[in-house]
Amino acid sequence: NRLATAKLDAETLLNVMERSSICYSLKDENLNYVYCSRAFENVFTKKTEFINDFQLFDKPTASSIQSNDRSFFDAQLNEESKEKLRLINAELLSVVVNRTLIKIGDDTLLLSTFNEIKNLEELNTTNKKLEKQGEFEVYEKILYRFSSIIFSQKKEKEIFFGVAQLCIDVLNLQDFAIYIYDEKQAVLQQVLVASKNRPFNWIENDDLIRLSLDQGITGKCARLRQTILVEDTKQSPDYIQDSNPGVTELAVPIVYNNELLGVIDTESAEYGRYDARIIKILEGIASLLAIKLNELANYKDLEQKTNIFSSVIKDNPTCVALLDEDLRYIEVSNKWREQFLKKKDQDIIGRNHFKLYPNIPYRWKQYITSALSGKSIRIDRETYQKRNGDIEIYKAQMSPWFKHEQVIGGFYSL
């Protein structure tokens, strides 16, 4: 129909639409508002009085609405269109507009209904959040793969090879290198070089490339303890060209509690190769490596101290035995072995004292119990039958040793 008519009275129809919470407006031939539903006011305006679109929408939107309304008035055809409307408060809405001409008395009015109303600003914000959430999940999965490699290995070479392989395979890097910081010499030592089309190279001591902290982009990264991205190496005075020069270079520091441990360095023949995603992942890898390298350093330090301690006990000229809280032997001196073992090379480390000597006197058990409770026991006269049957009289002392303050780790006997 060119002109919508209804057997129902038009005003009655509008009342039904109002009660149904339909969003609609009525305009006269001058495109001024005659009536708007409460739903319309809730969506498009907080004003109680307004005449035309220029009081509700920004100027470009109002002009577009008026143009569409005028064209519809002139053609007098039913029309549905999807439009974007920006309000005066800058909100951007997406709506589906249905226009129809109706007769109320002698007046011809434009009835516009608004459906599928969406706030595009909120939608964009939601989409961005979902996109970021998706990126975070990918980032977590990638770092999980790297953490599995890093924390499942116990040697630097195996760790670095695994990380380099994943960086080339997963991140599609052309080139990857790891430098370790030598604090005594204040230099970075290149220990691994990996390339996509060449075998990985683990560099031994004699062939180490050494950089001071004022050399190259890698040195600058270490000196500042911050990620350095050089988009065009030709323009960088810090760039050091090697046999396979790149046009862009990225260096990421490996830092633990503000202590420099090393640097990850990568170069590419492509401009713009290292985006925010790559940088974020490499920084995450550097953090994981920092934790592992610190763990290895602590383990080496503990191992060294343990070896020194063990040597001191073994070479002690007296009879010394060190046991843990479960009465398992940790270490004994060579003199102790000669005195108390049937065979000097008998392996007793880790074995339980009572299982080795099930028939020891009850008083000895009391001495051990007292030592484990924190008391030092001095024995001025004790007898012991040697392997040849001779009875020997000796003095002894049993004292607790501590794991840390107030926590007993076992006891030692002299």
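Reader: Before anything else, how much area does the protein chain expose, and what share do carbon and sulfur atoms supply?
Author: In this predicted model, the protein chain exposes about 24900 Å², and carbon and sulfur atoms supply 48% of that area.

Reader: And what percentage of the residues is buried?
Author: The protein chain has 414 residues, of which 42% are buried.

Reader: OK, what is the mean pLDDT here?
Author: The mean pLDDT of the protein chain is 83, with 88% of the residues reaching 70 or more. Residues 1-8 are a stretch to read with care, since pLDDT stays under 50 there, and for these residues the model has 10 contacts beyond four places in sequence.

Reader: How many helices and strands are there?
Author: The secondary structure of the protein chain comes to 10 helices and 17 strands. As for how the chain folds back on itself, among contacts with a separation of 6 or more, 46% are between residues 24 or more positions apart.

Reader: Which residues touch the most other members in the largest nonpolar core?
Author: That core has 40 residues, and those touching the most other members are Phe 160, Val 163, Cys 167, Phe 176, Leu 282, Ile 285 and Leu 289. Several elements give two or more residues to this core, including the helices α4 (120-152) and α5 (156-170) and the strands β6 (175-182) and β7 (187-195).

Reader: Which element gives the most?
Author: The helix α7 does, with 11 residues in this core.

Reader: Can we zoom in on Leu 282, and what does it touch?
Author: Leaving aside residues up to four places away in sequence, Leu 282 touches Cys 167, Leu 171, Leu 173, Phe 176, Leu 250, Val 252, Ile 264 and Thr 266. There is also a second, separate core of 21 residues, and Leu 323, Ile 348, Trp 364 and Ile 368 are among its members.

Reader: Changing topic, is strand β17 mostly covered or mostly open?
Author: Strand β17, which spans residues 407-413, is mostly covered, as 5 of its 7 residues are buried.

Reader: Which way do β13 and β17 run, and how many bridges join them?
Author: Strand β13 (residues 321-324) and β17 run antiparallel and are joined by 4 bridges. In one of these pairings, Leu 322 has Tyr 412 in β17 as its bridge partner.

Reader: What about β16 and β17, how many bridges do they have?
Author: Strand β16 (residues 391-404) pairs with β17 over 6 bridges, in the antiparallel sense, and His 404 stands opposite Val 407 of β17.

Reader: So how many residues lie between β16 and β17 in the hairpin?
Author: There are 2 residues between the two strands, and in this turn Gln 406 has a positive phi of about 70°.

Conventions:
Residues are numbered from 1 along each chain as its sequence is written. This is a predicted model: local features need pLDDT of at least 70, side-chain atom pairs count only at pLDDT 80 or more; totals for chains, interfaces and linings use all residues. Side-chain values use heavy atoms; hydrogens and water are left out. pLDDT is the predictor's confidence in each residue, from 0 to 100. Contact means heavy atoms within 4.5 Å. A nonpolar core is a set of buried Ala, Val, Leu, Ile, Met, Phe, Trp, Tyr and Cys residues joined through side-chain atoms within 4.5 Å. Buried means under 20% relative accessible area, exposed over 50%, partly exposed in between (1.4 Å probe, protein chains only). Accessible areas come from the Shrake-Rupley method with a 1.4 Å probe; for residues, only the protein chains shown count as cover. Two strands pair if DSSP finds at least two bridges between them.
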